[in-house]
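Subject: Structure handover

Hello,

Here is the structure for your files. My notes on its side-chain contacts follow below it.

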Amino acid sequence: MATVVTLPRLSDTMEEGVIAKWRIKVGDKVKRGQVIADIETDKATMEFESFDAGTVLKLVAPEGEAMPVGAPIAVFGQPGENPDAAGAPAKAEPAAPAKTEAKPEAAPAKPVAPEPQPESKDEVAAATGDESPAPKASTPATGPEGQVDRGRIPASPVARRLAREHDLDLGQIQGSGPHGRIVKSDVEQAIAKGPTARPVARGPVGPAEHAPAVSLAAGTPAAEVDEFGRPYISRPDRTVKLSQMRKTIAKRMGQAKREIPHIYLTMPIVMDKAVALRAEFNLSVDGTKASLNDLVILAAARALRKHPRVNAYYTDNGIVERGDVHVGVAVALDDGLIVPPVRFADQKTLKQISIDVRDLGTRAKEKTLKPEELTGSTFTVSNLGMFGIEEFCAIVNPGEAAILAVGAVQDEAVVEDGKLVARKRMRVTLCSDHRVFDGAESAKYLQTLRKLLESPLSLLT
């Protein structure tokens, strides 16, 4: 009997995923444990090993389209079996219209609430080629589970919403999904090409987000000219598809700014001795090259020993002070940001932290980190000094109480004993959850951090 393969949950926070690449095709024989797809999750792109064996009868999920965890993605079975008999298409297309025309007397006892009138008219018009609604538009037919059959154009809910927001006619869009179903990527391509046959104005001028409907087409000369009389040329907007990682970042950072009352304290730290120690360390110790950021991570972890309240998080039942110190290191990727933790950082040597940070950073950029290597941080260090940023404020990760924002080490003029001297200084900002601790505790933590970095030999003991 045919078996439906569903999208697995590859991380504890994964709610949906994208088939980045299929490793199999219809007709292939698959063994248990064989890698059949690369799946993009909210944290990384991971290989998916099949739990089932058999011949690939159908690939339900297209590459590049987001699907919820548990959604059918493929059908395995014996050669010659009917893949639709396994029920995969019905599950993969929850928003598809009914296969047969529903009869009025077969309508459910409770009337189905009609969609907003403008949308219903548009869908009927797209299916019939007539701008006037069908005679029975006021009592739309219903499909499975009481869904409204709107115009007989198969499209996913996300595709319908995007088409409505950008004033596009679904009837003018070619579907690439199963059975010709219009999916999100089809609508995005239509958006990039510009408006279709749907009328531009059906009423008063809308809000600012509808401005592209009346803007100049790409490549069209504008009325304005430069000092030489040459007209400016209009260039098109570009919609960048959200990756699963970017969706998660947007969700979690929005949650953090809404729920966490942030407090920010900045302190300059003289780094002359730390810079000298790092140079001598790299000359003397084989096997690795420590960076100043490695020293900051070690110092931040040791300071958390003396200030356990900073290594905590807020709950409605109380403040939880973590026993272990796992320092998350923010790693910037092309499509987002991840924070793999250096575990037990307060107990490790500078050499071991340097090795761990490089290994995590390399595999993060290759997207080969395991799910368990991306969770569990109790405190985070975010360093933008390599970009020349002097100081900045960061957003506290949900589940933590603080994040240390680290700026660049720069030569500055400093007054010492009445004399002007040059010093290498670095500014750090502790961004913390005001529900967990107050400004005084933040200041004490920064004082401890500064003492460790300005007398760095203590970090080697």
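A salt bridge here is a side-chain nitrogen of Lys or Arg within 4 Å of a carboxyl oxygen of Asp or Glu. By that criterion, E391, E412, R425 and R427 are joined in a network of salt bridges. Please keep in mind that this is a predicted model.

Salt bridges

How many salt bridges does a search of the whole structure find? The count is 18. As background, side chains of opposite charge can pair when their charged atoms come close. Three of the pairs are described here.

E15 and K251 meet through their side chains, at 3.0 Å from N to O. This pair links distant parts of the chain: E15 sits in the loop between β1 (3-6) and β2 (16-22), while K251 belongs to helix α5 (residues 244-259), 236 residues apart. E15 has a relative accessible area of 54% and is therefore exposed, and K251, at 46%, counts as partly exposed.

D294 and R358 also form a salt bridge, with an N to O distance of 3.0 Å. Because D294 lies in helix α7 (residues 292-306) and R358 in helix α8 (residues 350-365), the pair ties together parts that are 64 residues apart in sequence. Is D294 buried or exposed? D294 is buried, with a relative accessible area of 0%. Its partner R358 is partly exposed, at 35%.

In the third pair, the side chains of D411 and K424 meet at 3.0 Å, N to O. D411 is in strand β19 (residues 402-416) and K424 in strand β20 (residues 419-433), so this salt bridge ties together parts that are 13 residues apart in sequence. D411 is exposed, with a relative accessible area of 59%, whereas K424 is partly exposed, with 29%.

Aromatic pairs

The structure holds two aromatic pairs. One of them is formed by F379 and Y445, with 5.8 Å centre to centre and 50 degrees between the planes, which makes the pair tilted. It links distant parts of the chain, with F379 in strand β18 (residues 379-383) and Y445 in helix α9 (residues 439-454), 66 residues apart. Why does F379 count as buried? The reason is its relative accessibility of 0%. Y445 counts as buried too, because its relative accessibility is 0%.

Regards

Notes:
Residues numbered from 1 in each chain as written. Predicted model: local features only at pLDDT ≥ 70, side-chain atom pairs only at ≥ 80, totals over all residues. Heavy atoms only, no water. Phe/Tyr/Trp six-rings, centres within 6.5 Å; stacked < 30°, edge-to-face > 60°. Helix = DSSP H or I, 4+ residues; strand = E, 2+ residues; numbered from the N terminus. Buried < 20%, exposed > 50% of the residue type's maximum accessible area, 1.4 Å probe, protein only.
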